[in-house]
Amino acid sequence: MESFKGLDFYNLDELLTQEEKMIRKTVRDFVDKELLKNIAENYEKALFPKELIPKVGALGLLGANLKGYGCAELGNTAYGLILQELERGDSGLRSFVSVQGSLVMYHIHTFGSEVQKKKWLPKLQKGEAIGCFGLTEPDSGSDPSSMKTKAEKKGGHYILNGSKAWITNGTVADVAVIWARTKEGIRGFLVEKGTPGFETRDIKGKLALRASITSELFLSDVKIPEENLLPHSEGLKSALMCLNQARFGISWGVIGAAEACYHQALEYSKERIAFKKQLASYQIVQQKLAWMLTEITKAQLLVWRLSQLKDQGTLKHYHISLAKRNNCWMALEIARMARDMLGANGTAYEYIVGRHMCNLEAVKTYEGTHDIHTLILGEAITGIPAFS
Ligand code: TGC
Ligand code: FAD
């Protein structure tokens, strides 16, 4: 089959700078050479390709849209294109880069002290340290405001008790951002690997994101110095601000997975013969391809505008919800349709569509489910919150 050339039905490349196109090409080549060669096997064996971490660090992909501390200081379109190309390969590596950059580094960058920034950001940027972001708990995902994890101030320390579930990178993280309830409200803390009372365990048997590490975190009388409180994090709002960054990246990223599925479905239907003719010659198949192309093009236009709004500082969280909700739905529907168009072959690891389809089920759920983003939009439209 032909190698991937991108999908640009509306000549949107005309809106990109030379630098943005060069960055996209660099990441596209990296994904082709380094990620795709082993991803089917990694997925089957449920292995995250850890060996790629120093490479994504060296390419400047971690925290790429942040300023200072060794970060690449790229614009938001370039950052989006990076995530798009990574997710064309697999949502797992894109998740790693999203969590490290948008949830952990952004969090320390925005709410941390200068000491915390100098200690962690350069190492996280190079991939020499790994971070995770612990918001979800076994009994609360969509509703993080009912978290049970507590942090009690005792002298110059905080004592943390509780647990977190479904945390990307949990068992390999050198530093965990832990959200916990204090007398003053919900705050973010840095808990370092090896701190007594802090244990992690991988979640096994996942159907989705198998080439990604997902873990449980357990905190039992974990004593951390008060300097590990993120001094500028204030309430759940600070956590939600981190989610905005990751949701923005996911809105871009899933377009890559959708493009990969479209490309494979198109190539397959041109080669596969049924009833003595190419599949691509049948009207039902062409209708499916036309629908896919239309939805991908609409999604590309959404994120292009989203990046403009982010660059000019006028982006609102409900703008991001519209794109996260639409683009995850679009990518998942395209992956399901492409899987179907490949018949039985679509269920095999040799083809990419089944893997993307399973991944996208999780991507639609994390960072706010489809329903939660519907409710966020409902509140933006009516002014009436309908979460509870
Ligand atoms: P609510 O009372 O609505 O809001 C509390 C305060 O925060 C403000 N706010 C936001 N601010 C910035 N960004 C946002 N997205 C915001 N959403 C709300 C809000 O205006 C209010 O401010 P103020 O000044 O009045 O205090 O809070 P709520 O408890 O009712 O919850 C709202 C809800 C349901 C939308 C929110 O909790 C939510 O988004 N839930 C979904 C949880 C979620 O997305 N979890 C993701 C965990 S991390 C993850 O999944 C990583 S996956 C790995 C990867 O990224 O690859
Ligand atoms: P629930 O909140 O229990 O929702 C179950 C169903 O109920 C959903 O369909 C939901 O839409 C619906 N629902 C909930 N509330 C309402 C309502 N008010 N009205 C109507 N319907 C409603 N979390 C982190 O903190 N850090 C991570 O790094 C992280 N990584 C993840 C990696 C993976 C692979 C996965 C699968 C999840 C990860 N998560 C992470 C957790 C993720 O954010 C949550 O799974 C997600 O927020 C949904 O929460 P839940 O699973 O508890 O579902």
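For the residue classes used on this tour, Ala, Val, Leu, Ile, Met, Phe, Trp, Tyr, Cys and Pro count as nonpolar, Asp, Glu, Lys and Arg as charged, and the others, Gly among them, as polar. Please keep in mind throughout that the model is predicted.

**First stop: ligand 1.** Select ligand 1 together with its surroundings, and you should find 27 residues around it, the closest being Ser-142, Asn-244, Arg-247, Glu-367 and Gly-368. Sorted by class, this shell holds 13 nonpolar, 10 polar and 4 charged residues. Now zoom in on the oxygen atoms of the ligand: a backbone N or O atom of Gly-368 lies 2.8 Å from an oxygen atom of ligand 1, a polar side-chain atom of Ser-95 is found 3.1 Å from an oxygen atom of the ligand, and an N or O atom in the side chain of Tyr-366 is 3.2 Å from an oxygen atom of ligand 1. Of the 1,100 Å² of accessible area that ligand 1 has on its own, the protein covers 73%. To see which elements contribute, colour α5 (91–111), α7 (235–271) and α11 (370–382), each of which gives two or more residues to the shell; α7 gives the most, with 8 residues.

**Second stop: ligand 2.** Keep Ser-142 selected, since Ser-142 is listed among the closest residues to ligand 1 and also among the closest to ligand 2, alongside Thr-136, Trp-166, Thr-369 and Asp-371. In total, 17 residues surround ligand 2, and by class they comprise 8 nonpolar, 7 polar and 2 charged residues. A polar side-chain atom of Ser-142 lies 2.6 Å from an oxygen atom of ligand 2, a polar backbone atom of Gly-141 is 3.4 Å from an oxygen atom of the ligand, and a backbone N or O atom of Phe-387 is placed 2.9 Å from a nitrogen atom of ligand 2. Taken alone, ligand 2 exposes 980 Å², of which the protein buries 66%. Colour β3 (157–168) and α11 here, as these elements each give two or more residues to the shell, with the largest share, 3 residues, coming from β3.

**Third stop: two helix pairs.** Select helix α9 (residues 317–341) and helix α10 (residues 353–365), whose axes are 9 Å apart and which pack at an angle of about 155 degrees; this makes α9 roughly antiparallel to α10, and the crossing is left-handed. Then move to helix α1 (residues 18–35) and helix α4 (residues 76–89), whose axes come within 9 Å and cross at roughly 20 degrees. α1 and α4 are therefore roughly parallel to each other, and their crossing is right-handed.

How values were computed
Residues numbered from 1 in each chain as written. Chains lettered and ligands numbered in written order. Predicted model: local features only at pLDDT ≥ 70, side-chain atom pairs only at ≥ 80, totals over all residues. Heavy atoms only, no water. Near = heavy atom within 4 Å. Polar contact = N/O pair within 3.5 Å; in protein donor to acceptor, adjacent residues only side chain to side chain. Areas by Shrake-Rupley, 256 points an atom, 1.4 Å probe, with all protein chains shown as cover. Helix = DSSP H or I, 4+ residues; strand = E, 2+ residues; numbered from the N terminus. Axes fitted to C-alpha atoms, helices over the stretch in contact; angles between N-to-C directions. Parallel < 35°, antiparallel > 145°, perpendicular 65-115°, else oblique. Left-handed = near helix turned anticlockwise from the far one by under 90°.
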